[in-house]
Amino acid sequence: MLLYRSAAWFAKGLREYTKSGYESASKDFVPDDLEVQVPGRAFMVTGANGGIGRATAMEIAKRGGTVHLVCRDHSRAEGARAEIIKESGNQNIFLHIVDLSVPKSIWTFVENFKQEHTLNVLITVSSGGMLVQKLNTDDLQSERTAFDGTMVYAQNKRQQVVLTERWARAHPAIHFSCMHPGWVDTPGVRLSMPGFHARMGARLRSEAQGADTVLWLALAPAATAQPSGCFFQDRKPAPTHLPLARTSSSPAEEEKLVEILEELARRFK
């Protein structure tokens, strides 16, 4: 079944996730959707020192938003902040150094942030890679199977999509969404998937193309007219499962994921 999922996903990707897929989808975009200014609104962007994150932060800054950059590498993050301020002319760019692989540091950061700042939009990007994975809460740390970074990444993105759907139901006053940026030529892809990057070459989307739907969801009034909890691709809700892929999860499996995460949160308070 994994072989079928991978093959079906790759075929879909060649049609939809590439630069040509973006160019085809963009014919249906409403150009004015992103002709907005957002002074007084605060946005948090994780992984903002490079790739899609930096492209997103830059465009929000150009529209007058207050931007909180959450990064791990201090020197790279300072460079990104200086670049964003210089190009946008926006001084309201704040830098936070947080290692997202250390849960305790996340909790400490959140508690301190709440005391000092307000926030309107939190940006966390998912991936269409989750289509090859079914939710699996029995081996979150790859203790029972050999570690495969690509599949662990896809599993993590599946978890994000499941949680987005559940949070949307549990918190109707907040608008939740997640999205796939397509196959994008970023430093992360070049480093973690060099073979894929070399094979795809000029077919990969630019960072700006990858950031387009992120920005649309964060900025465009049209996005809030969509139902909360959806998964988006190129400004449109997209299926969260491949046909015949058997990746749907049961309410019990999803509840188990929530319970695990709640337990982890209690441990690191």
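1. Leucine 244 is a good residue to start with in this predicted model, and it lies in the loop between strand S7 and helix H11 (251-267). Its phi is positive, at about 65°, although leucine 244 is not a glycine. Most residues other than glycine have a negative phi, which is why such a value deserves a second look. Is leucine 244 buried or exposed? With a relative accessibility of 72%, leucine 244 counts as exposed, because the cut-off for that class is over 50%.

2. Arginine 235 also deserves attention, since its phi is near 65°, a positive value in a residue other than glycine. Arginine 235 is found in the loop between strand S6 (230-233) and strand S7 (236-237). Its relative accessible area is 11%, and because buried means under 20%, arginine 235 is classed as buried.

3. The strands on either side of that loop belong to an open sheet of 3 strands, whose order is S5-S6-S7 and whose pairing is mixed. Strand S5 (177-180) and S7 stand at the edges with a single partner strand each, so one side of each has no neighbour in the sheet. S6 and S7 run antiparallel and are joined by 2 bridges; in S7, proline 237 is the bridge partner of phenylalanine 232. Helix H9 lies across S5 and S6, and runs at about 165° to S5.

4. A further open sheet has 4 strands in the order S3-S2-S1-S4, and here the pairing is parallel. Its edge strands are S3 (93-97) and S4 (121-123), each of which pairs on one side only, and the twist from one strand to the next averages 20°. Strand S1 (residues 42-46) and strand S2 (residues 66-71) run parallel and are joined by 5 bridges, and phenylalanine 43 stands opposite valine 67 in S2.

5. Which strands of this sheet does helix H3 touch? H3 packs on the sheet and touches S1, S2, S3 and S4, with its direction making about 165° with that of S1. Helix H4 (residues 74-88) packs on the sheet as well, touching S2 and S3, and its direction makes about 170° with that of S3.

6. The student may next follow H3 to its contact with H9. Two packed helices are described by the angle between their axes and the distance between the axes. Helix H3 (residues 51-62) and helix H9 (residues 207-219) pack at an angle of about 50°, and their axes are 8 Å apart, which means that H3 is oblique to H9. The crossing in which H3 passes H9 is right-handed. On the H3 side the contact is made by Gly51, Ile52, Ala55, Thr56, Glu59 and Ile60, while H9 contributes Glu207, Gly210, Ala211, Val214, Leu215 and Leu219. Sorted by class, this contact has 7 nonpolar, 3 polar and 2 charged residues.

7. The last point concerns phenylalanine 10, which is found in helix H1 (residues 2-16). Phenylalanine 10 has a relative accessible area of 32% and is therefore classed as partly exposed. Which residues is phenylalanine 10 in contact with, leaving aside its neighbours within four places in sequence? They are Trp183, Phe196 and Met200. Phenylalanine 10 and alanine 154 are 144 residues apart in sequence, and their C-alpha atoms are 14 Å apart in space.

Definitions and conventions. Residues numbered from 1 in each chain as written. Predicted model: local features only at pLDDT ≥ 70, side-chain atom pairs only at ≥ 80, totals over all residues. Heavy atoms only, no water. Axes fitted to C-alpha atoms, helices over the stretch in contact; angles between N-to-C directions. Parallel < 35°, antiparallel > 145°, perpendicular 65-115°, else oblique. Left-handed = near helix turned anticlockwise from the far one by under 90°. Contact = heavy atoms within 4.5 Å. Nonpolar A, V, L, I, M, F, W, Y, C, P; charged D, E, K, R; others polar. Pairing = 2+ DSSP bridges. Buried < 20%, exposed > 50% of the residue type's maximum accessible area, 1.4 Å probe, protein only.
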